[in-house]
Amino acid sequence: MKTFFVTTPIYYVNDRPHIGHAYTTVVADAMARFRRLRGDRVLFSTGVDENSQKNVKAMTKAGETDLNAYLDRMAEAWKTTWSSFGLSDHAFIRTTSAEHRAAVERFWKAAMESGDIYQAEYEGLYCTGCEAFKTETEVQDGRCPLHPNAELQSITERNYFFRASSYRDALLKLYEDRPEFVMPDARRNEIRNYVKDHFADFSVSREAKSLEVGIPVPGDESQRIYVWFDALINYVTVAGYGTDDAAFADIWPADLHLVGKDIIKFHCALWPAMLMSAAKHDAALRDVDGNAKLPRRVFAHGFFTIDGQKISKSLGNAIDPVELAKGYGDVGIDVLRYFLLRDIPFGEDGDFSRERLKERYVHDLANTFGNLLNRSVAMSRKYFDGKVPHAISHEPAYTFADERGVEALRKAFDAHADALRFDLALETLWNGIGTGDERRFGLLQANKFIEDTKPFQLAKTDMDATGVILYSLLEYCRNVAWLIEPVMPTVTRRIVEQLGQSFDEERTKDIDALVSWGGLRPGSALPEPSILFPPLDRG
Ligand code: MSP
């Protein structure tokens, strides 16, 4: 079985995780969970980019001098955030680790043997904020437009260069032959233009004496490897490159690199060029036809602002995602995950506002989903002696959904999730499938179905019909619970338990059994309900 391999960028540790980092990571986690629940073996990786001058600067600013202690502490801080975030099973890579260094050395030597690394004199302007040299066209008023407060460094050095220019045609062909390599479409045009007009050889090392961090160039201790060259290799390190050839052969190439739009040049141009180069001299990086094994898809998402403003340290507006979630009780992390995935069309820029998070909580979660579940469970318990009702008659007018309905819902949900449009996948669950008055099988329609069929009145005259109605609502909630698992795993657990089932036992079943009509046993006990999304106590 091929392993589905999804990655997040590795984060600089010049700061603690904020909501922008949480966004990339949550999308990756949702994708990992989505594939896992559908039966795939999954490798999900994240980690920290440690060999950067940015980290050293941040340490110095914090008044510290012991770099290793600083890096250890920050790596722990990131790990702790992700574990509080309930991230599913994942690999966490540090680029100061011995495995990574071994992988980088092997990769460098392979590219060297391919003749793509050579020495030359270089003079240029370097932006530590971007960790990149800036070309004349990228500089405005002598400054980097992305980091206008930082001085550009003027550097004249003899460095190692990577022969990027000789991969220009191969890259253009890659975007042509495999358009899904760069998603979404708008980004593909941007990257194509960049490669066509600007992708030139560039420096991939710096003098060791001018840097505090970085992996030494194999065979030349006077130079250290450029941080991006090192960082991109993390994706093969975690897959076993250099340490476990069998695992690597099974796992590589990555199925999905998730990145922000700020770093697509590195992922969609430099990285495949590096792989093509090293693959010439390293069979582990080639497929059976002798071609470089390249990642299948790089998906770039947009950038986040907070209340319309860029997230920045100097503005002090960075939001700690774990703190934010605390305002929403014991399912707070799920609430935030729901918001991040639901509110922003994947690939587009988005704005975060506490106000809209609250609105979504109240409308989508508490009033629509929570209310439906709570009413369905409470009425079933009340009229059917604390149990799941026996659905005796099968009058279609009294059944909210059926096998066909949940199948259609799953098909729509899966198609959107596969395309990374969790926003549309979730919208489908709430708004149903179909159009206009024909929309069906959504949570909103389920609430309306209660109003239309009035089981609370029918219970006085027709227990059969009441049973059919309530059974269909409970069973529908169970199906939706399994569909939303990649997005709100704790909520799924809570719903399944409220329906009197064991989450852990159910989770061993495959998705076709979980999302199908009739999984709830009539007559089984329904525990005392508890409110899933309680009213917010703040004004
Ligand atoms: N270390 C590099 C990545 C190396 S990957 C081989 C890096 N790190 S970073 O910490 O600066 O940013 C990593 C990612 O965090 C960005 O690409 C982006 O995915 C995410 N975001 C950081 N700030 C963000 C927003 N304000 N909005 C959305 N995503 C943001 O670049």
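# A guided tour of a predicted model

Visitor: Which residue of strand 2 stands opposite Val-6?
Guide: Keep in mind that we're looking at a predicted model. Strand 1 covers residues 3-12 and strand 2 covers residues 41-49, and the two pair in the parallel sense over eight bridges. Within strand 2, the residue standing opposite Val-6 is Phe-44.

Visitor: Which strands stand at the edges of the open sheet?
Guide: Six strands make up this sheet, all in parallel pairing, and their order is 3-2-1-12-13-7. The two at the edges each have a single partner strand, so one side of each is left without a neighbour in the sheet. Those are strand 3 (91-94) and strand 7 (182-183).

Visitor: How many bridges join strand 4 to strand 5?
Guide: Strand 4 has antiparallel company in strand 6 (residues 153-162), over 10 bridges, with Tyr-122 partnered by Glu-157. Strand 5 also runs antiparallel to strand 4, and there Leu-125 has Lys-134 as its bridge partner. For strand 4 and strand 5, the number of bridges is three.

Visitor: What is the phi of Glu-131 in the turn of that hairpin?
Guide: Glu-131 sits in the loop between strand 4 (117-127) and strand 5 (132-134). Those strands form a hairpin with four residues between them. In that turn Glu-131 has a positive phi, about 55°.

Visitor: Is Glu-131 buried or exposed?
Guide: Leaving out residues up to four places away in sequence, Glu-131 touches eight listed partners, among them Tyr-12, Lys-54, Tyr-126 and Trp-228. The cut-off for buried is under 20% relative accessible area. At 2% relative accessibility, Glu-131 therefore counts as buried.

Visitor: About how much space lies in the largest cavity?
Guide: Searching the whole structure turns up two cavities of 30 Å³ or more. The largest is lined by 13 residues, and those closest to its centre are Gln-53, Tyr-126, Glu-131, Leu-211 and Val-227. By class, that lining has six nonpolar, four polar and three charged residues. Its space comes to about 90 Å³.

Visitor: Which elements give two or more residues to the lining of the second largest cavity?
Guide: This cavity has a volume of about 30 Å³. Its lining is Tyr-23, Leu-340, Leu-341, Ile-344, Phe-346, Leu-420, Phe-422 and Asp-423, which divide into seven nonpolar, no polar and one charged. The elements giving two or more residues are helix 12 and helix 15.

Visitor: How many residues of helix 15 are buried?
Guide: The buried residues of helix 15 are Phe-422, Asp-423, Ala-425, Leu-426, Thr-428, Leu-429 and Trp-430. They pack against several helices, including helix 1 (19-37), helix 13 (354-383) and helix 18 (463-483). Helix 15 (residues 422-431) is largely enclosed by the rest of the structure because, out of its 10 residues, the number buried is seven.

Visitor: Which residue follows helix 15?
Guide: Look for a backbone angle with a positive sign: phi there is near 85°. The residue following helix 15 is Gly-432.

Visitor: Which helix gives the most to the lining of the second largest pocket?
Guide: The second largest pocket has a volume of about 240 Å³. Among its lining residues are Ala-170, Lys-173, Leu-174, Asp-177, Met-276 and Asn-291, and by class the whole lining has five nonpolar, one polar and four charged residues. With four residues, the top contributor is helix 5 (residues 168-177).

Visitor: How far apart are the C-alpha centres of domain 1 and domain 2?
Guide: The chain is divided into domain 1 (3-310) and domain 2 (354-514). Between them, 13 residues of domain 1 are in contact with 16 residues of domain 2. Centre to centre, by C-alpha, the distance is 42 Å.

Visitor: What is the relative accessible area of Gln-498?
Guide: Gln-498 is found in helix 19 (residues 489-498). Setting aside neighbours within four places in sequence, Gln-498 is in contact with Leu-373, Val-377, Leu-526, Pro-527, Pro-529 and Ser-530. Gln-498 is buried, with a relative accessible area of 6%.

How values were computed. Residues are numbered from 1 along each chain as its sequence is written. This is a predicted model: local features need pLDDT of at least 70, side-chain atom pairs count only at pLDDT 80 or more; totals for chains, interfaces and linings use all residues. Side-chain values use heavy atoms; hydrogens and water are left out. Two strands pair if DSSP finds at least two bridges between them. Buried means under 20% relative accessible area, exposed over 50%, partly exposed in between (1.4 Å probe, protein chains only). Contact means heavy atoms within 4.5 Å. On a 1 Å grid over the protein atoms alone, a cavity is a set of points where a 1.4 Å probe fits but cannot get out, and a pocket is an open set with protein on both sides within 12 Å along at least five of seven lines; lining residues have an atom within 4 Å of a point. Grid points are joined across faces, edges and corners, and a volume is the space filled by probe spheres set on the points. Ala, Val, Leu, Ile, Met, Phe, Trp, Tyr, Cys and Pro count as nonpolar, Asp, Glu, Lys and Arg as charged, and the others, Gly among them, as polar. Domain bounds come from an automatic or database domain assignment.
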